[in-house]
Amino acid sequence: MKLNLNNVTLRVTAGLANQFPADRIPQIAFSGRSNVGKSSLINSLLNRKSLARVSGEPGKTITINFYDVDSRLYLVDLPGYGYAKRSPADKKRWSALTDGYFTKNPNLDSLKLVCQLIDCRTGPTEDDLVMLDYLRAAGLPHVVVATKTDKLNTTERNAFLAGCKENGLLSSLPLILYSVRTGAGRDELWQAIRSAAELN
Ligand code: GTP
Ligand code: MG
């Protein structure tokens, strides 16, 4: 059955782990540093302009947002990491909330796929690699999504791909090249999501 992308709502904005939805609807999470393009990607997948808030001020709100897609899927917008100007107190809140999602979540079985976003212009940051290493060690299913690929010319794009191939952590993972500007990668990512959530 086709997902009705006109039937989408922001179901839960969770600032605390006990606010995560407890139902068994499959969850697909989007992880990455602040400003990498998580919210833009969710809007692109859902054909919306501004359902997920694209930040003017990166890293300002520390919440996990659950977008309900046709009552059959949650797209989960995780708060970005690596925002240098964040206060120590906010960094602590970020860690508690995000760790809570991955490690103290009684409903972790419902997490079917983590899309780890990497900005193709910078390549993976230290924090991206720590996150990928964590996902691998925890046995959580994940794919890498390179964002903003419209900003690369062919030479830059080949250099980025060569760098990914050489990276031990990245070389064995599925990699989707995405651009919210051109729609590149959208069908491929939807296919990965549908397959992980067993919606096919
Ligand atoms: P936080 O919520 O702070 O963690 O950031 P985020 O990861 O949600 O990033 P967001 O979606 O807010 O995007 C950050 C900036 O990148 C915005 O100015 C977007 O317009 C831009 N952006 C995102 N995706 C793309 C893309 O595919 N191409 C281009 N050219 N710009 C993009
Ligand atoms: Mg965002």
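1. Let us start at Lys148, which sits in the loop between strand 6 and helix 4 (154–166). This is a predicted model, and in it Lys148 has a positive phi of about 65° although it is not a glycine. The side chain of Lys148 also takes part in the ligand site: one of its N or O atoms is 3.1 Å from an oxygen atom of ligand 1. So as you look at this loop, keep both the backbone and the side chain of Lys148 in view.

2. From there it is a short step to the rest of the ligand site. Ligand 1 has 19 residues around it, and Ser34, Lys38, Ser40, Asp150 and Val180 come nearest. An N or O atom in the side chain of Lys38 is 2.7 Å from an oxygen atom of the ligand. On Arg181, a polar side-chain atom lies 3.2 Å from a nitrogen atom of ligand 1. Taken on its own, the ligand has 660 Å² of accessible area, and the protein covers 84% of it.

3. What kinds of residue make up the shell around ligand 1? The shell divides into 9 polar, 6 charged and 4 nonpolar residues. If you would like a place to begin browsing it, Lys38 is one of the residues that come nearest, and helix 1 (38–45) starts at that position.

4. Asp119 is a good residue to visit next. It lies in strand 5, and Asp119 counts as buried because its relative accessibility is 1%, with the limit for buried being under 20%. The side chains of Asp119 and Arg33 are joined by a polar contact of 3.2 Å. Leaving out residues up to four places away in sequence, Asp119 touches Arg33, Val36, Thr147, Lys148 and Phe160. That list includes Lys148, the loop residue of the first point.

5. Now for the nonpolar interior. In soluble globular proteins, nonpolar side chains tend to be buried together. Here the largest nonpolar core has 27 residues, and Phe30, Leu73, Leu75 and Leu189 have the most contacts inside it. Several elements each supply at least two residues of this core: strand 2 (27–31), helix 1 (38–45), strand 3 (64–69), strand 4 (73–77), strand 5 (111–119), strand 6 (142–147) and helix 6 (186–196). A second, separate core has 21 residues, Val12, Val114, Leu135 and Leu140 among them.

6. Which residues does Leu75 touch, not counting those up to four places away in sequence? They are Ile28, Phe30, Ile42, Leu45, Leu46, Asn65, Phe66, Tyr67 and Val69. Phe30, in this list, is itself among the residues with the most contacts inside the largest core.

7. Between strand 3 and strand 4 there is a loop that holds Ser71. Phi of Ser71 is near 55°, a positive value in a residue other than glycine. Ser71 is partly exposed, since its relative accessible area is 45%.

8. Helix 2 (residues 88–103) offers two residues to compare. Is Arg93, which lies in this helix, buried or partly exposed? Arg93 counts as partly exposed because its relative accessibility is 43%. Thr98 also lies in helix 2, but counts as buried at 4% relative accessibility. The side chain of Thr98 reaches the backbone oxygen of Trp94 at 2.8 Å. As for distance from the ligand site, the C-alpha atoms of Arg93 and Asp150 are separated by 33 Å, with their positions 57 residues apart along the chain.

9. Asn107 follows in the loop between helix 2 and strand 5. Although in a loop, Asn107 is buried, with a relative accessible area of 5%. Apart from neighbours within four places in sequence, Asn107 is in contact with Pro21, Ala22, Asp23, Arg24 and Gln27. Asn107 and Ile25 are 82 residues apart in sequence, yet 9.7 Å apart in space, C-alpha to C-alpha.

10. Finally, please look at Leu170 in helix 5 (residues 168–171). Leu170 counts as buried, at 6% relative accessibility. Setting aside residues up to four places away in sequence, Leu170 touches Ile118, Pro124, Leu132, Val144 and Cys164. The C-alpha atoms of Leu170 and Glu126 are separated by 13 Å, and the two residues are 44 residues apart along the chain.

Methods:
Residues are numbered from 1 along each chain as its sequence is written. Chains are lettered from A and ligands numbered from 1 in the order in which they are written. This is a predicted model: local features need pLDDT of at least 70, side-chain atom pairs count only at pLDDT 80 or more; totals for chains, interfaces and linings use all residues. Side-chain values use heavy atoms; hydrogens and water are left out. A residue is near a molecule or strand if one of its heavy atoms lies within 4 Å of it. A polar contact is a pair of N or O atoms within 3.5 Å; within protein, one must be able to donate a hydrogen and the other to accept it, and residues adjacent in sequence count only if both atoms are side-chain atoms. Accessible areas come from the Shrake-Rupley method with a 1.4 Å probe; for residues, only the protein chains shown count as cover. Ala, Val, Leu, Ile, Met, Phe, Trp, Tyr, Cys and Pro count as nonpolar, Asp, Glu, Lys and Arg as charged, and the others, Gly among them, as polar. A nonpolar core is a set of buried Ala, Val, Leu, Ile, Met, Phe, Trp, Tyr and Cys residues joined through side-chain atoms within 4.5 Å. Buried means under 20% relative accessible area, exposed over 50%, partly exposed in between (1.4 Å probe, protein chains only). Helices (H or I, at least four residues) and strands (E, at least two) are DSSP runs, numbered from the N terminus. Contact means heavy atoms within 4.5 Å.
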